[in-house]
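The following exercises are to be worked with the sequence and the coordinates at hand. Each task is followed by a solution in steps.

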Amino acid sequence: MNILLVGNPNCGKTTLFNRLTGARARVSNRMGVTVDLASRRVRGLDAVLTDLPGLYSLRGSGGADEGLAAVQILRGCQRGCQGEGCQGDGSPDTAVSERTVPADTDTLDQKPELILNIVDATNLGRNLRLTTQLMELGLPMILTLNMMDECKAKGIVIDPAALQAALGLPVVPISARFGQGIPELLAQIRAGGTVPRPMRRGQAPALPLYREAAPKPDRILERPVLGLLVFAAVMGLVFTLTFDTLGAWLSDGMGALMEHWLIGPTALRLARAPAWLSGLLVDGLLRGIAGVLAFLPQVALLFGQLTILEDAGYLSRVSFLMDGLLAKIGLNGKAFVPLLMGFGCTVPALLATRVMDCPRERKRAALLLPYLSCSAKLPVYGLLARCFFPAHRGLVVLSLYALGIAVGVLVLLVTKHIQKDGDDAPFLMELPPYRRPALKNAWIQIADRTGHFLWRAGTVILLMSVLIWATLHFTPRLIYTEQMQTSLAHALGERLAPLLKPLGFGTAAAAVALLTGLVAKEAVVATLLLFYGTEAALTQAFTPLSAYCFLVFVLLYPPCFAALATLRRETRSFRFTLTVIFLQFMLAYGIASLIQIIGNKQ
């Protein structure tokens, strides 16, 4: 059985998807988390459940993610139906099928046999508008009332039996977050649902609409000046906790632990081993692993704090608050979520731009995203900040984040009026309710994100560590050498080093590190440590000024190849991607050299 999971944004679809399938897809208390299809087999049933992006209407003017959802739903429309989203012959309405849906997006192999419509029970009036459209398609359906626990807390009383009688559909009350009602829902899925009785277009059962006063916190957080000050204070606290206090202590402790319990003993055991074997295992492998693990606490802290802020509903308020500021650079509040994701990883952030309705705005967001500091740059920031700015780590890292945002905004302001592809889309957004963060969800998200970081960073750094070690200890004629000056890497770096001298770090090591950073930014750490061996030697190769210029260059030059490939795919423009690469190299070189010139005059 093929089942479509359909509902409005932020109604708990992905949470229910995880409950029914055992998946660990990302969930959050905001719209725009799901932007593509996700399919998994339902546990205990011979059925495949597909989680679609949230949408408000089959005929709305949503973005690419809503267009994808609508097309998948209408493909299951039975022949002969006369519903709002159908032409009468079973084919999708052209108003929906011509939406901007990525050409390479996977589609379902078979037509759906059941629609599992999940609604937010605290806001039935809005959610049931999509339900009535789905009922016109003539497919078996089950209506799932989610968030019944919140209804109880708010004093909202819903009679599922009365709603079932009004709609002629099986109605199952659940709480996806806490697993309530899941056995009853599985029983209804086994029964196959019910084909709704025909309804006239626009017809809806008479149901009460609930309107609640804005929570007291919103009266403060949504005020333009005060709300921005609160946001600045919150992010300042996040960075201080991550990079200056708890995060710095944990990172230093992890590094010392790795050196004392792993690297030191291993080096002693291999003292009588051949030099190439000892160097490969200790310098090539273990120091690369230690470089990743030393920054794992900071990555976990940053992701954990952002997850809690998302789950509580605060970040959606920031999206609303930022709409006015983002409008000045040609974006709207919907861009805030992809931009925020850009601080984690540029690849999913580019995919998340599909929630934006206007193609021109999606391109603007894609232009800005590479200037934001992804988590892969954190090990580079952490290493040099610890070596050269031990008393001001958090301030240095915060300045890099702020500089990246400022440069990206400047680029958007300069290019804002160059290309006009049509009118901007209006900003429409639902503010989710405040919720107490679910600790289980927070731990899952922290584990998933740090696991992704470990897998991606760990494997890349491990591979690059071995590769770089080999280039450092073999000559261009592939003869093993202990003299780094005769190595293959040094020869390559020496050719590139003169280009970097105006930036203050014209060394072979820096040149090779920046090259490997195009494969993955995490590899910069492995390269530097392999060239210099220890952090003490690193402090002799850079000055504080040249180290900061190096960090600025890492911040602003193009992202990894995976991000560039995603940028090409999402914008469908090789020319646009080349423009982004050229512009970033020029800005990275120009701004880093400017900082070097100003610093030398002080």
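A residue is called buried under 20% relative accessible area, exposed over 50%, and partly exposed in between (1.4 Å probe, protein chains only). The structure is a predicted model, in which local features need pLDDT of at least 70, side-chain atom pairs count only at pLDDT 80 or more, and totals for chains, interfaces and linings use all residues. Residues are numbered from 1 along each chain as its sequence is written, and side-chain values use heavy atoms, with hydrogens and water left out.

**Exercise 1. Determine how strand β5 is covered and which strands pair with β5.**

Step 1. Helices (H or I, at least four residues) and strands (E, at least two) are DSSP runs, numbered from the N terminus. Strand β5 comprises residues 141-146, and six of its six residues are buried.

Step 2. In a regular strand the side chains alternate between the two faces of the sheet. One side of β5 carries M141, L143 and L145, the other I142, T144 and N146, and all of these are buried.

Step 3. Two strands pair if DSSP finds at least two bridges between them. Strand β4 (residues 114-120) pairs with β5 in the parallel sense over six bridges, and L116 stands opposite I142. Strand β6 (residues 171-173) also runs parallel to β5, joined by three bridges; here T144 stands opposite V172.

Step 4. A crossover is right-handed if, with the strands pointing away from the viewer, the path from the first strand over the helix to the second runs clockwise. The unit made by β4, helix α4 (residues 124-135) and β5 is a right-handed β-α-β unit.

**Exercise 2. Locate M147 and N10, and state the sign of phi in each.**

Step 1. M147 lies in the loop between β5 and α5 (148-154). Its phi is near 65°, a positive value in a residue other than glycine. With a relative accessible area of 7%, M147 is buried.

Step 2. N10 lies in the loop between β1 (2-6) and α1 (13-21). The phi of N10 is likewise positive, near 65°. N10 counts as buried because its relative accessibility is 14%.

**Exercise 3. Classify the ring pairs that involve F553, and describe the surroundings of Y557.**

Step 1. Rings of Phe, Tyr and Trp (its six-membered ring) pair if their centres lie within 6.5 Å; planes under 30 degrees apart count as stacked, over 60 as edge-to-face and the rest as tilted. The count by this rule is ten aromatic pairs.

Step 2. F505 and F553 have ring centres 6.3 Å apart and planes at 75°, so the pair is edge-to-face. This pair links distant parts of the chain, 48 residues apart: F505 belongs to the loop between α20 (488-500) and α21 (508-519), F553 to helix α24 (residues 544-556). Both residues, F505 and F553, are buried.

Step 3. For F553 and Y557 the centres are 5.3 Å apart and the planes stand at 35°, so the pair is tilted. Y557 is buried because its relative accessible area is 1%, and F553 is buried at 5% relative accessibility.

Step 4. One aromatic cluster is formed by F388, F505, F542, F550, F553, Y557 and F585. A charge sits over a ring if NZ of Lys or CZ of Arg is within 6 Å of the ring centre and within 35 degrees of the ring normal. K521 lies over the face of Y557, at 4.5 Å from the ring centre.
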